[in-house]
Amino acid sequence: MTYSATEEEKKALKRTKIALMKDPELVFFANMMLQMDMHFSESIPTACTYDLTILFNPKFFMAQTPAKRIGLMAHEIMHPALLHRERRGHRTPKRYNAAGDYIINGLLTARNIELPDGALIDAKYDGMSTNAVYELLPEEDEFPDSDNNDITQPNPNGGNGNSGNTPGN
């Protein structure tokens with residue numbers, strides 16, 4: 001079932017996009033963002049990305065400060081920018097996603113971009129590749145459950161997440 005965003009949610013998403021575009025330090029993210037569809041879905045706990053679509057849980061998104069919304073958006077933009085889904089290969093999804101999160105969040109915090117509370121951040125992974133971090137993380141069955149499975153969610157329209165973009169709000 002498609003979620004119908006409230007006017008307040010639509011305005012908050014639009015304000016976040018505009019703030020990202022207006023910041024000269026975030027030009028890369030703005031250029032990527034303009035190629036992506038973004039909308040809300042209650043079917044995920046926080047946020048996720050598949051192909052060039054980003055979904056945000058409306059309650060999670062609205063609970064963030066404006067600065068953390070920008071950080072959340074930049075984080076999700078980085079997964080397709082770094083081709084995480086395509087590069088995962090045979091690796092287990094939750095573990096590879098966490099490795100990607102450590103890399104992305106390290107890059108974002110180095111630029112003083114705020115992230116939502118609970119973001120996976122550890123300076124010991126700075127300068128490493130996603131694949132190298134993956135090898136250091138526990139096996140999938142030992143990996144703690146997380147609400148931040150932001151590239152492991154299936155395409156909410158069915159299929160394997162590779163069927164193309166869905167219309168935005």
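The following paragraphs walk through the predicted model, from its overall make-up to its sheet, a helix pair and a few single residues.

The model is predicted, so local features are reported only at pLDDT of at least 70 and side-chain atom pairs only at pLDDT 80 or more, while totals for chains, interfaces and linings use all residues. Residues are numbered from 1 along each chain as its sequence is written, and side-chain values use heavy atoms, with hydrogens and water left out.

The chain holds 7 helices and 3 strands, which are DSSP runs numbered from the N terminus (helices are H or I, at least four residues; strands are E, at least two). Read from the N terminus, the elements follow the order α-α-β-β-β-α-α-α-α-α. Of the 169 residues, 47% count as buried; buried means under 20% relative accessible area, exposed over 50% and partly exposed in between, with a 1.4 Å probe and protein chains only. Among contacts between residues at least 6 apart in sequence, 66% join residues at least 24 apart, where contact means heavy atoms within 4.5 Å.

The 3 strands make up an open sheet with mixed pairing, in the order β1-β3-β2; two strands pair if DSSP finds at least two bridges between them. Strands β1 (37-40) and β2 (47-50) lie at the edges, each pairing on one side only. From one strand to the next, the twist averages 20°. Strands β2 and β3 (residues 53-56) run antiparallel and are joined by 4 bridges. Within this pair, Tyr50 stands opposite Thr53 and Thr49 stands opposite Ile54. The side chains of β2 alternate: Ala47 and Thr49 point one way, Cys48 and Tyr50 point the other way, and all are buried. A hairpin links β2 and β3 with 2 residues between them. One residue of the turn, Asp51, has a phi near 50°, a positive value in a residue other than glycine.

Two helices can be followed onto this sheet. Helix α1 (residues 7-22) touches β1 and β3, and its direction makes about 145° with that of β1. Helix α4 packs on the sheet as well, touching β1, β2 and β3, with its direction at about 25° to that of β2. Axes here are lines fitted to C-alpha atoms, for helices over the stretch in contact, and angles run from 0 to 180 degrees between N-to-C directions.

Helix α4 (residues 66-81) also packs with helix α6 (residues 93-110), at an angle of about 125° and with the axes 10 Å apart. The two helices are therefore oblique to each other; angles under 35 degrees count as roughly parallel, over 145 as roughly antiparallel, 65 to 115 as roughly perpendicular and the rest as oblique. On the α4 side the contact includes Gly71, Ala74 and His75, and on the α6 side it includes Asn97, Gly100 and Asp101.

A few single residues complete the picture. Tyr3 sits in the segment before α1 and counts as buried because its relative accessibility is 16%. Its C-alpha lies 8.8 Å from that of Ser43, although Tyr3 and Ser43 are 40 residues apart in sequence. Asn112, in the loop between α6 and α7 (130-136), has a positive phi near 60°, again in a residue other than glycine. With a relative accessible area of 71%, Asn112 is exposed.
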